[in-house]
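Reader: I am new to this structure and would like to learn how to read it, feature by feature. Could you take me through it slowly?

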Amino acid sequence: MAMKIFKIIGGCLLISILVLIFLLLPTKAEKLRSDNNALGYLELLKKAKVSQPNPNVYASSQITPDNPVFKGVLALQRRRLDIAVKELLPLAEAGNVDAMYWYGETILYAGAYNSMSGAEWLEKAAKLGNPYAALRFDPDNEDCKYYLAGRCSEEWAEKGEALLKARAEQGDVKAQYYTNVRIKRGSAEDYQFNIDLVTQAVNQGYYIPLMQQISWLEEDKSLDDKKNKPLLSC
């Protein structure tokens, strides 16, 4: 009798262990993400090894010193909001659409108390054809729940995408990237497609997409240490 009970307990224990192992195994989706992210690391590392330093100090930006908004955007990047406001507001008030967009972003960055004014400037820029301003009002944008609440709509999302596509068709490399990049990466083809887009952008002297992809890979929780150490140690 005791032996029979022991066998029953042993059998239940074995089944419990097998179930636990099964639950701890990565799902097919998790394995796909992990494997493809590893692919992304390897591809980007290969490109890094054969690339040469770009002598253009403005290669990571499309805004160069000859652009009127350069000083304001540079100040914003350096978190000198006082200088950014001083540089961008006069240009925005004079009708510079890009300045309207960046001034709106500066005001939003300054805090929630200024969100109404920042949203108004972004909306002005969007109405005048700035695709990045229009896409700020895409309901999928997290800020639509907070700073931009009540202003977002699918119509703005559609308009922003159309404006971006128009710029892409005119050869704007930044627009080409953001028009086509696959945010929801669900297959090896998606990852390779993004890597190809990054390569095209880099070949045209625009490096932000490369930085964005590396950032996504660094933050991906599905990668174990063995897969992400090579990139983090570069």
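Author: What follows is a conversation about confidence, overall make-up, and a few chosen residues of this predicted model.

Reader: Since the model is predicted, what are the mean pLDDT of the chain and the share of residues that reach 70 or more?

Author: The general idea is to look at confidence before anything else, because where pLDDT is low, the predicted coordinates should not be read in detail. In this chain the mean pLDDT is 75, and 64% of the residues reach 70 or more.

Reader: In which helix is confidence lowest, and in which is it highest?

Author: Confidence is lowest in helix α1, which covers residues 2-24 and has a mean of 45, whereas it is highest in helix α4, residues 81-93, where the mean is 95. Over residues 9-33 the pLDDT stays under 50, and for this stretch the model has six contacts beyond four places in sequence. Residues 227-234 also have a pLDDT below 50, and they make 14 contacts in the model beyond their near neighbours in sequence.

Reader: How many helices and how many strands does the chain have?

Author: The secondary structure comes to twelve helices and zero strands, so an element list read from the N terminus is simply α repeated, without a strand anywhere in it.

Reader: What share of the 234 residues counts as buried, and what does the chain expose?

Author: Of the 234 residues, 34% count as buried, while the chain exposes about 15000 Å², of which carbon and sulfur atoms supply 58%. Contacts add another view of the fold: among those with a separation of 6 or more, 55% are between residues 24 or more positions apart.

Reader: Which residues does Gly-118 touch, leaving aside residues up to four places away in sequence?

Author: A good way to read a single residue is to ask where it sits, how much of it is accessible, and what it touches. Gly-118 belongs to helix α6, residues 115-127, and with a relative accessibility of 0% it counts as buried. It touches Gly-104, Ile-107 and Leu-108; with Gly-104 the C-alpha to C-alpha distance is 4.1 Å, although the two glycines are 14 residues apart in sequence.

Reader: Which cysteines form a disulfide, and how far apart are their sulfur atoms?

Author: A disulfide is a covalent bond between the sulfur atoms of two cysteines. Here the count comes to one disulfide, formed by Cys-144 and Cys-152 with their sulfur atoms 2.0 Å apart. The link is left-handed, with -85° about the S-S bond.

Reader: Are Cys-144 and Cys-152 buried or partly exposed?

Author: Here the cut-off matters, because buried means under 20% relative accessible area. Cys-144, at 11%, therefore counts as buried, whereas Cys-152, at 22%, is partly exposed.

Reader: How many salt bridges are found in the whole structure, and where does the one of Glu-105 and Arg-136 lie?

Author: For each salt bridge it helps to note the distance, then the place of both partners. A search of the whole structure finds five salt bridges. In one of them the side chains of Glu-105 and Arg-136 meet at 2.7 Å, N to O. Glu-105 lies in helix α5 (residues 97-110) and Arg-136 in the loop between α7 (131-135) and α8 (154-169), so the pair ties together parts that are 31 residues apart in sequence. Both Glu-105 and Arg-136 are buried.

Reader: And how far apart are the closest N and O atoms of Glu-123 and Lys-127?

Author: Their closest N and O atoms are 3.9 Å apart, and both residues lie in helix α6, four residues apart, which is about one turn of the helix. Glu-123 is buried, with a relative accessible area of 19%, but Lys-127 is exposed, at 55%. Salt bridges that share partners also join Glu-105, Arg-136 and Asp-143 into one network. A further salt bridge is formed by Asp-82 with Arg-80, at 2.8 Å between the closest N and O atoms; Asp-82 is partly exposed at 49%, and Arg-80 is partly exposed at 41%.

Reader: What is found at the start of helix α9?

Author: At the start of α9, a side-chain oxygen of Asp-172 reaches to within 3.0 Å of the backbone nitrogen of Lys-174. In the helix itself, residues 173-180, the residues Val-173, Ala-175 and Tyr-177 are buried.

Key:
Residues are numbered from 1 along each chain as its sequence is written. This is a predicted model: local features need pLDDT of at least 70, side-chain atom pairs count only at pLDDT 80 or more; totals for chains, interfaces and linings use all residues. Side-chain values use heavy atoms; hydrogens and water are left out. A disulfide is a pair of cysteine sulfur atoms within 2.5 Å. Buried means under 20% relative accessible area, exposed over 50%, partly exposed in between (1.4 Å probe, protein chains only). pLDDT is the predictor's confidence in each residue, from 0 to 100. Helices (H or I, at least four residues) and strands (E, at least two) are DSSP runs, numbered from the N terminus. Contact means heavy atoms within 4.5 Å. A polar contact is a pair of N or O atoms within 3.5 Å; within protein, one must be able to donate a hydrogen and the other to accept it, and residues adjacent in sequence count only if both atoms are side-chain atoms. Accessible areas come from the Shrake-Rupley method with a 1.4 Å probe; for residues, only the protein chains shown count as cover. A salt bridge is a side-chain nitrogen of Lys or Arg within 4 Å of a carboxyl oxygen of Asp or Glu.
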